[in-house]
Amino acid sequence: MNVKTQSSDGAQMPETETAPIGEEGEKQESFLSFLWFLTKLLLAVLLFRSFVFSPFSIPSESMLPRLWNGDYLLAAKWPYGFSDYSLPFSAPLIPGRLLSGEPERGDVVIFKHPVDKTDYIKRVIGLPGDSVALVDGQIMLNGELVTREVRSDFEIPMSINTSCAWGGEEVIAEAGANAGSSVCRYSRFRETLPSGRSYDVLDFGNVPADSYPPKIIPEGHMFVLGDNRDNSRDSRFEARSGDAVGIVSQDNLVGQASIIIWSTDGSAEWIKPWTWFTAARWGRIGYTI
């Protein structure tokens, strides 16, 4: 507003422009309110990611046919309890493991590698006290062979994210959604655990890792395998950084794989937004694990 002032001798001074009383304070209060809103939003996101669901991506084909390279999924964080590994950057804020729970045989779990602490995903086969062995590629659990049945071959479309690994055969699909296109064909089997839980696996034939002597799983640990049996570095091998995981401590659990929220064949380019949609594998979105 305009304010007129006078000098000490009564002369009128030029008009000056001043801000309305309280306007600067209101601006500062609005800015602080916005900062508080952002803080609450960030806190809510951190709590959700730490204790409810967190996103993960699949970078390899070790879990074919269930999970494909290029899948993005949500992992439930509460089924196995909470630890430092539940928090962003594994912040050391949680003592031990709170509300701990043991996975079930057949669960697809995300855990920290015992050596390099990167995220890995495998299927739980053996729990503490179980005897686990492999005979000609077939699991022997507590002295009994796990039921394994031959299924129709598995075919996956060829793409940047899905090449044809050894053991597969590149062919032109004759029927179905991929008819006329190049796919990789693998031998597929159906395993059924003693609990009745079943899932598909791939097996390329007889390899050294198909034989594994009986091993009793120690307390607090788990024996994990990849569904792509001959293309997975899992509990059959000694844990090494960037490689196999060995028999994994349950303290390393991060979450249980739950649902696929996005999937891409790898052909998308950031500078070409339309390719974000053409690269999407729409049929896999919403696929439960």
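A strand is a DSSP run of E with at least two residues. The exercises below use this term on a predicted model.

**Exercise 1. Sort the residues of strand β8 by face.** Which residues lie on the covered face, and which on the uncovered one?

Solution.
- Step 1: Locate the strand. β8 runs over residues 138-141.
- Step 2: Recall the rule. In a regular strand the side chains alternate between the two faces of the sheet.
- Step 3: Assign the faces. Ile139 and Leu141 make up the covered face. Gln138 and Met140 make up the uncovered one.

**Exercise 2. Find the partners of β8.** In what sense does β8 pair with β7 and with β9, and over how many bridges?

Solution.
- Step 1: Take β7, residues 131-135. This strand pairs with β8 in the antiparallel sense, over four bridges.
- Step 2: Take β9, residues 144-145. Here the pairing with β8 is also antiparallel, over two bridges.
- Step 3: Follow Leu141. Val132 stands opposite Leu141. In β9, Glu144 stands opposite Leu141.

**Exercise 3. Inspect the two turns.** Which residue has a positive phi in each hairpin?

Solution.
- Step 1: Between β7 and β8 lie two residues. Asp136 takes a positive phi near 55°.
- Step 2: β8 and β9 also have two residues between them. In this turn, Asn142 has a positive phi of about 55°.

**Exercise 4. Classify Phe34.** Is Phe34 buried, partly exposed or exposed?

Solution.
- Step 1: Place the residue. Phe34 is in helix α1, residues 23-51.
- Step 2: Apply the cut-offs. Buried means under 20% relative accessible area, and exposed means over 50%.
- Step 3: Decide. Phe34 has 46% relative accessibility, so this residue counts as partly exposed.
- Step 4: Look around. Phe34 helps make a nonpolar surface patch of about 740 Å², with Phe31 and Leu38 among the other members.

Notes. Residues are numbered from 1 along each chain as its sequence is written. This is a predicted model: local features need pLDDT of at least 70, side-chain atom pairs count only at pLDDT 80 or more; totals for chains, interfaces and linings use all residues. Side-chain values use heavy atoms; hydrogens and water are left out. Buried means under 20% relative accessible area, exposed over 50%, partly exposed in between (1.4 Å probe, protein chains only). Two strands pair if DSSP finds at least two bridges between them. Patches are made of residues with over 30% relative accessible area and no salt bridge: like charges are joined within 9 Å, nonpolar side chains (Val, Leu, Ile, Met, Phe, Trp, Tyr) within 5 Å. Accessible areas come from the Shrake-Rupley method with a 1.4 Å probe; for residues, only the protein chains shown count as cover. A salt bridge is a side-chain nitrogen of Lys or Arg within 4 Å of a carboxyl oxygen of Asp or Glu.
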